[in-house]
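This briefing covers ring contacts and one pocket in a predicted model. Please read the points below alongside the sequence and the coordinates.

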Amino acid sequence: MSLVEVSDLSISFGDVRAVEELSFSLEAGGALGVVGESGSGKSASAYALLGLHRGTGAGVGGSIRVAGVDVTAADDAELRALRGAKAAMVFQDPLSSLDPYYAVGDQIAQVYRVHNRVSRRAARARAVEVLDRVGIPDAARRSRSRPHEFSGGMRQRALIAMALACEPQLLIADEPTTALDVTVQAQILDLLHQLRHETGMGLLLVTHDVGVAAESVDEVLVMQSGRVVERGPVGEVLVAPREPYTRALLAAVPRVAEPRVRDRPEAAEEGPAPVDGEVLVEAVDVRQVFGRGTSALAAVDGVSLTVRRGETLGVVGESGSGKTTLGRMLVGLLEPTSGLLTRRARVQMVFQDPVSSLNPRRSIGESVADPLRAAGERDEALIRARVRDLLERVGLDPALYDRYPHEFSG
């Protein structure tokens, strides 16, 4: 019997058909990548493997068996026994997946005690063991840290440690490297590969990144609009794809050698190129220090930059290098400890994590409308029209104005 057997799976949210007629299997020790663009049904399918749609109002049909458990027919107690012990999931956003009030080690220990009758001391020892296993330095000490004291890469490792605590047969990783820089992304993928070979667990990797799938799995399943369009060995599908959609996904991978859009002849149709070179933001030797005395940390130290109208400047570096701190200074969320910072234009920031940046109690449309109201606009008809235009401009259906953040894919 296969570790995972899915047959004719369908998932609907109201009148939205997120997944239709999905069938696949995964053998013990195997690695399957589920690939597709945002909204293709990848994550919805992964959640169904653990019965996470139960009680949400979603309609789930078809057959799902995971580690011998009939997920669609299992009662709540059987699902609790499945989750964590036989199959575990690493979610896309580690910060919102970890409780901010509790030490990371305590959270891992709690998961372990749910499935094993052990003492608190034994559970804590197990937490330190798995944190060390996933490469957290000085694991015993860092296990007492809270999530905000970990970098993004360390939080993702902590989630993987939590998933491994009970030695599951199946690990489901939902976009585990999306928010990580390339250096840490490579480390996490290497870790998943190493753990699979050490433990013999099966891996289901959900990703929109074709490159991530190419390095990490044996087979790949490509989804579009809730349906499978192609499946096969990763080398065959990604080297010689049969379907136009798969070829389009591969063609969308950025390549440094390609000219920028505004360098192409047709770019003239998209608007005039900048002409005045006006300086919008300028930083001169800015520095940001957190803490005092011997515990002081210079997160940004002596950085200077200039951004002109129409210019795109990339700030690149690995996790913890000071990129986000610099960005927060540039938009005025942090005042530099020293140095000179000048803003000659309105500045806005798009944060790393959309889940924690959007108010879960307000619709998407109302969240987009808030800045317009804050700027003094009072005409509600004009506000709604402007918001609908903005939604359409970023590739969202304006009809989704009244939907809430949890109803959107990442």
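Arg-384 is placed over the face of Tyr-401, at 3.8 Å from the ring centre. Apart from this contact between a charge and a ring, a search of the whole structure for aromatic pairs returns one, formed by Tyr-47 and Phe-91. The second pocket by size is treated last, through its volume and its lining.

**Aromatic pair**

- The rings of Tyr-47 and Phe-91 lie 6.0 Å apart, centre to centre, with 55° between their planes, and the pair is classed as tilted because an angle over 60 degrees would be needed for edge-to-face and one under 30 degrees for stacked.
- The pair links distant parts of the chain, 44 residues apart, since Tyr-47 belongs to helix H1 (residues 42-48), whereas Phe-91 sits in the loop between strand E6 (87-90) and helix H3 (94-97).
- Tyr-47 is partly exposed, because its relative accessible area is 27%, and Phe-91, with a relative accessible area of 29%, is likewise partly exposed.

**Second largest pocket**

- The second largest pocket holds about 500 Å³ of space and has a lining of 20 residues, with Leu-313, Val-315, Lys-323, Gly-327 and Leu-330 lying nearest its centre.
- At least two lining residues come from each of strand E11 (279-290), strand E12 (297-308) and helix H12 (323-330), and H12 gives the largest share, five residues.
- Sorted by class, the lining of this pocket comprises 14 nonpolar, four polar and two charged residues.

Note on methods. Residues numbered from 1 in each chain as written. Predicted model: local features only at pLDDT ≥ 70, side-chain atom pairs only at ≥ 80, totals over all residues. Heavy atoms only, no water. Phe/Tyr/Trp six-rings, centres within 6.5 Å; stacked < 30°, edge-to-face > 60°. Helix = DSSP H or I, 4+ residues; strand = E, 2+ residues; numbered from the N terminus. Buried < 20%, exposed > 50% of the residue type's maximum accessible area, 1.4 Å probe, protein only. Lys NZ or Arg CZ within 6 Å of the ring centre and 35° of its normal. 1 Å grid on protein atoms, 1.4 Å probe; cavity = no way out; pocket = protein on both sides within 12 Å on 5 of 7 lines; lining within 4 Å. Points joined across faces, edges and corners; volume = space filled by probe spheres on them. Nonpolar A, V, L, I, M, F, W, Y, C, P; charged D, E, K, R; others polar.
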